[in-house]
Amino acid sequence: MPGPTADLFADDALQQPAGREQIGDESYVLRGYALPWIDRLLPALRGILAQSPFRQMVTPGGFTMSAALSSCGALGWTSAHHGYRYTSLDPRSQQPWPAMPDELRELAVLAAADAGFIDFNPDACLINRYVAGAKMSLHQDKNERRFDAPVVSVSLGLPAIFLFGGHERSDKTQKISLFHGDVVVWGGVDRLRFHGVMPIKEGLHPIMGPQRINLTFRTAG
Ligand code: MD3
Ligand code: FE
């Protein structure tokens with residue numbers, strides 16, 4: 001029987017709390033989850049970037065990454081000719097990375113718990129900045145010391161098409177649109193799946209302007 005009553009009994013309405021989309025066995029998109037936090041997030045983000053500004057990194061293969069990067073928390077991610085790694089000092093300032101602000105940590109911990117990962121204790125938050133045309137090629141995140149902790153990502157600004165692959169680079173990918181305020185949690189069996197971001201389309205976000213900023217919280221050390 002079609003109509004509104006039938007819709008209530010559709011599979012996804014039965015299995016998913018409102019606004020939560022399952023994209024893998026242990027991965028969820030929490031639509032708009034960060035929106036109530038934005039007014040606290042943006043000043044915190046500004047403070048971090050004043051201390052450790054965005055910079056474009058060069059991959060070990062000699063390519064300049066199109067997304068610019070910063071970090072906060074005890075560990076930050078860097079890339080250079082010798083390879084990728086987490087460091088406790090920002091190589092640019094030779095100072096510790098900015099501390100992870102409580103409101104950022106709280107958002108990530110609550111989102112992880114909502115996706116079933118209790119006791120998430122992130123020690124690194126990578127901050128990626130994409131302008132139009134910037135992308136992130138398909139890769140795995142395996143510089144963290146252990147893989148039992150999830151990764152939590154917060155999307156801000158311009159929309160992106162996220163590519164979610166499998167455990168082999170050649171596995172087919174699903175495309176997932178991510179918008180301002182969306183939070184994604186990946187963990188467990190999905191933690192080492194290949195993923196990437198398609199080139200960002202030109203645009204002007206009313207709050208964030210001509211860019212997308214993505215925060216990813218990890219337990220790296
Ligand atoms: C899925 N960033 O910084 S966030 C990255 O939107 C990165 O800036 C993308 O990939 C971005 O490494 C995607 C999400 C993400 C991070 C880690 C994952 C997705 C993941 C690990 C496993 C599976
Ligand atoms: Fe990644």
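**Exercise 1. How many residues does helix α4 have, and what distance does α4 reach from its first C-alpha to its last?**

*Solution.* The model is predicted, so please read each value below as computed from that prediction.

Step 1. Helix α4 runs over residues 102-114 and has 13 residues.

Step 2. From first C-alpha to last, α4 reaches 18 Å, which is close to the 18 Å expected at 1.5 Å a residue.

**Exercise 2. Find the buried residues of α4, and work out which side of the helix they occupy.**

*Solution.* Step 1. The cut-off for a buried residue is under 20% relative accessible area. In α4, the residues L104, L107, A108, A111 and A112 are buried.

Step 2. Around the axis, these residues cover an arc of only 125 degrees, so they sit on the same side of α4.

Step 3. Now step past the end of the helix. α4 is followed by G116, with a positive phi near 100 degrees.

**Exercise 3. Look for positive phi values in residues other than glycine, and say where Q94 and D119 lie.**

*Solution.* Step 1. Start from the general pattern: most residues other than glycine have a negative phi.

Step 2. Q94 is not a glycine, yet its phi is positive, at about 60 degrees. Q94 belongs to the loop between β7 (89-90) and β8 (95-96). With a relative accessible area of 55%, Q94 is exposed.

Step 3. D119 has a positive phi as well, near 65 degrees. The loop between α4 and β9 holds D119. Its relative accessible area is 72%, so D119 is exposed.

**Exercise 4. Identify the protein donors of the iron ion (ligand 2), and describe how they are spaced in sequence.**

*Solution.* Step 1. Three atoms sites are to be picked out: H139 through NE2, D141 through OD and H195 through NE2, lying 2.0 to 2.2 Å from the iron ion.

Step 2. Along the sequence, the spacing of these donor residues is H-x1-D-x53-H.

Step 3. Check accessibility. H139 counts as partly exposed at 21% relative accessibility, whereas D141 is buried, with a relative accessible area of 9%.

**Exercise 5. Describe the largest pocket: what is its volume, and which residues lie nearest its centre?**

*Solution.* Step 1. The largest pocket holds about 740 Å³ of space.

Step 2. Its lining has 38 residues, and those nearest the centre are M65, M136, S137, H139 and D141. Two of these names should be familiar: H139 and D141 are also donors of the iron ion (ligand 2).

Step 3. Sort the lining by class. It divides into 17 nonpolar, twelve polar and nine charged residues.

Step 4. Ask which strands contribute. Among those that supply at least two residues each are β6 (83-87), β9 (124-131), β10 (136-139) and β16 (211-218). The most comes from β4, which gives five residues.

**Exercise 6. Treat the second largest pocket in the same way, from volume to lining.**

*Solution.* Step 1. The volume of the second largest pocket is about 220 Å³.

Step 2. Its lining includes R55, M57, H82, R85 and Q94. Q94 is also the loop residue with a positive phi of about 60 degrees.

Step 3. β3 (55-58), β5 (76-80) and β6 each supply at least two lining residues. The largest share, three residues, comes from β5.

Step 4. By class, the lining of this pocket has four nonpolar, five polar and three charged residues.

**Exercise 7. Set sequence separation beside C-alpha distance for three pairs: R212 and L158, P36 and G181, and S177 and V58.**

*Solution.* Step 1. R212 lies in strand β16 and is buried, with a relative accessible area of 2%. R212 and L158 are 54 residues apart along the chain, and their C-alpha atoms are separated by 4.7 Å.

Step 2. P36 is in the loop between β2 (27-30) and α3 (38-51), and at 60% relative accessibility P36 counts as exposed. From P36 to G181 there are 145 residues in sequence and 8.6 Å in space, C-alpha to C-alpha.

Step 3. S177 is part of strand β13 (residues 174-178) and is partly exposed, with a relative accessible area of 33%. S177 and V58 are 119 residues apart in sequence and 27 Å apart in space, C-alpha to C-alpha.

Technical notes: Residues numbered from 1 in each chain as written. Chains lettered and ligands numbered in written order. Predicted model: local features only at pLDDT ≥ 70, side-chain atom pairs only at ≥ 80, totals over all residues. Heavy atoms only, no water. 1 Å grid on protein atoms, 1.4 Å probe; cavity = no way out; pocket = protein on both sides within 12 Å on 5 of 7 lines; lining within 4 Å. Points joined across faces, edges and corners; volume = space filled by probe spheres on them. Helix = DSSP H or I, 4+ residues; strand = E, 2+ residues; numbered from the N terminus. Nonpolar A, V, L, I, M, F, W, Y, C, P; charged D, E, K, R; others polar. Expected span 1.5 Å × (residues − 1). Buried < 20%, exposed > 50% of the residue type's maximum accessible area, 1.4 Å probe, protein only. Arc of directions from axis to C-beta. Donors = N, O, S within 2.8 Å, 3.2 Å for Na, K, Ca; no water.
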